[in-house]
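User: I am new to this structure and would like a close look at a single part of it. Please choose one and explain, step by step, what surrounds it.

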Amino acid sequence: MPPKKKVDATPSTMKELKDTLWKAADKLRGSMDASQYKDVILGLVFLKYVSDAFEERRGQIAAELTAEGFDESQIADLLDDVDEYTGRGVFWVPAEARWPFLAENAKGLPAFDGAPAKSIGQLIDEAMDAVMTANPSLAATLPKLYNRDNVDQRRLGELLDLFNSARFTGQGATKARDLLGEVYEYFLEKFARAEGKRGGEFYTPAGVVRVLVEVLEPDHGRVYDPCCGSGGMFVQTEKFLESHNKEGSNISVYGQELNERTWRMAKMNLAIHGLNGNLASRWGDTFARDQHPDLQADFIMANPPFNIKDWARSESDPRWKFGVPPAGNANYAWIQHIISKLAPGGSAGVVMANGSMSSNSGGEGDIRAQLVEADLVSCMVALPTQLFRSTGIPVCLWFFAKDKSSGAVDQSGQVLFIDARNLGYMVDRAERALSDEDIARIANAYHSWRGSPSAVSSGLEYDDEPGFCKSASLAEIKAADYALTPGRYVGAAEIEDDGEPIEEKIERLKKELFEQFDESERLAAVVREQLGRIDV
């Protein structure tokens, strides 16, 4: 057997982890397409995490038993008690799937004692199988693609060496799963950027998700996402609960996802964050086969694919309570599916293309009018451009509520409009992001309008703010032909008086303008003179 490699037990900082793991991704970038190396890397990240967490728990058990006076043989027996791991939220990892074994055999396992040689890819595939068999909640979740012909086994071994220096444990107050969770989300974002438009199929920018979560405040009951991607809505919900000193066990997670690979990513993501989610037994089309037919959810958050032209449409579908959506666009099919899933008192937030707010094609205007008249629309938010690197389509947020009288302020018959198009900052030339202050401003406007407990406890009171927010009656919306574009309602922002008398300001501006005209004429003369000196 080859000599054992020394494993550095020093915990990794977040920057070290991100740098190490992205460097690892780059090692495979040239040998396979973005979507495949995404699966390879994220699968290994998960395997490294469960192994590190397992070894850390194993060490804790040994220390506890030693302190209690157990001898070595007793400790050895109890170290293999599965309940000692799973009872603490740690996955059981069989010996052949533990990272030290894989790291020792990063170049493959040579033939030994009659057993055939195995490549490192085969060892990893077998490790994935072993972990899934030992932990039924991970069934059909982990990728098994490491022993394929198009995976360079030498590079894969080098990749394991790189991963060997990354530690997900020993972070003190910071949970190992929080550390991995951040790494996993970082990778999802990086891969979404690398894949461009296709990346939008599984990743919603964190700032947009946070707006949905902070507005809805999903702190109990059933949380549903009918097109859950890689599970970002659920992860942000868990973070929201943690920031408010509440447990993830306060919610039950339900989701559905059409794409098999993305469904697997979501299952891993939930496992990493310690969330018990029902993502159905397999992937599937929400319109063709709703996998949660009887669900009534307390909170729904979704970022459906925009403007789908080819979708499983049935005119007799009972979900189309407010009108049959047009064959050429599924936007209002998603909206009505989501409303059909809301429990009494439930609320929902949905990312939509801006056209959904005013379109009248294919009967969409009539459906929108019925939604408004049913008093289901609680808030509309126009978002700034360039939040989505994967699409240039401007987006908005629709918020629905089954009961708008439930807060300290009864807002029945009213809709809050928020124009947030001027918020955000540019991360680079192509992408904008929302700051914590931007997100809080949107959420606070909504909560003060509703009289939510969080607003009442903070002493927030709602007032219309020209250019930003306005509470409009159903009669006003009807007068605008049921268009729900916030800019129609919020008006222009008030211009601050700078204290300069208007007559003096006009005189000053005229003087500055004439001076600029004079300078323009002087420069034009200089240019003409220079051009005259050029010999043709």
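Analyst: The buried residues of helix H13 pack against helix H12, strand E6, strand E7 and helix H16, so H13 is the part I will follow here, where packing means contact, that is, heavy atoms within 4.5 Å. The model is a predicted one, in which local features need pLDDT of at least 70 and side-chain atom pairs count only at pLDDT 80 or more, while totals for chains, interfaces and linings use all residues. Residues are numbered from 1 along each chain as its sequence is written, and side-chain values use heavy atoms, with hydrogens and water left out. The names of elements follow DSSP runs numbered from the N terminus, with helices (H or I) of at least four residues and strands (E) of at least two.

H13 spans residues 364-373, and it is largely enclosed by the rest of the structure because seven of its ten residues are buried. Here buried means under 20% relative accessible area, exposed means over 50%, and partly exposed lies in between, as judged with a 1.4 Å probe and protein chains only. The buried residues of H13 are Glu364, Gly365, Ile367, Arg368, Ala369, Leu371 and Val372. Just after this helix comes Asp375, which takes a positive phi of about 60 degrees.

One of the partners of H13 is H12, a helix of residues 331-340 that is itself mostly covered, with nine of its ten residues buried. Those nine are Asn331, Tyr332, Ala333, Trp334, Ile335, Gln336, His337, Ile338 and Ile339. They pack in turn against strand E1 (221-225), strand E4, strand E5 (342-353), H13 and E7 (395-401), and E7 is therefore an element that both helices touch through their buried residues.

Three residues of H12 also meet a residue from a loop. Phe287 lies in the loop between strand E3 (277-278) and E4 (297-302), and the residues that it touches, not counting those up to four places away in sequence, include Ala333, Trp334 and His337. Beyond H12, Phe287 also touches Trp311, Ala312, Arg319, Trp320 and Ala330. Its C-alpha atom is 7.6 Å from that of Trp311, although the two residues are 24 apart along the chain. Phe287 counts as buried because its relative accessible area is 6%. The loop between E3 and E4 also holds Pro293, which counts as exposed because its relative accessibility is 56%. The C-alpha atoms of Pro293 and Lys341 are 8.6 Å apart, across 48 residues of sequence.

On the side of the two strands that H13 touches, the loop between E6 (377-382) and E7 contains Gln386. Its phi is near 65 degrees, which is a positive value in a residue other than glycine, and Gln386 is partly exposed because its relative accessible area is 34%. Gln386 also belongs to the lining of the second largest cavity, together with Pro384, Thr385, Leu387, Phe388, Thr391, Gly392, Ile393, Pro394 and Val395. A cavity here is a set of points, on a 1 Å grid over the protein atoms alone, where a 1.4 Å probe fits but cannot get out, and lining residues have an atom within 4 Å of a point. About 40 Å³ of space lies in this cavity, a volume being the space filled by probe spheres set on the points, which are joined across faces, edges and corners. The search of the whole structure finds two cavities of 30 Å³ or more.

The remaining partner of H13 is H16, and the loop between H16 (474-479) and helix H17 (487-490) is the place of Asp481. The phi of Asp481 is near 60 degrees, again positive in a residue other than glycine. Asp481 is exposed because its relative accessible area is 52%.

For the wider setting, the chain has 18 helices and eleven strands, and 50% of its 536 residues count as buried. Of the contacts in the chain with a separation of 6 or more, 73% join residues 24 or more positions apart.

Technical notes:
On a 1 Å grid over the protein atoms alone, a cavity is a set of points where a 1.4 Å probe fits but cannot get out, and a pocket is an open set with protein on both sides within 12 Å along at least five of seven lines; lining residues have an atom within 4 Å of a point.
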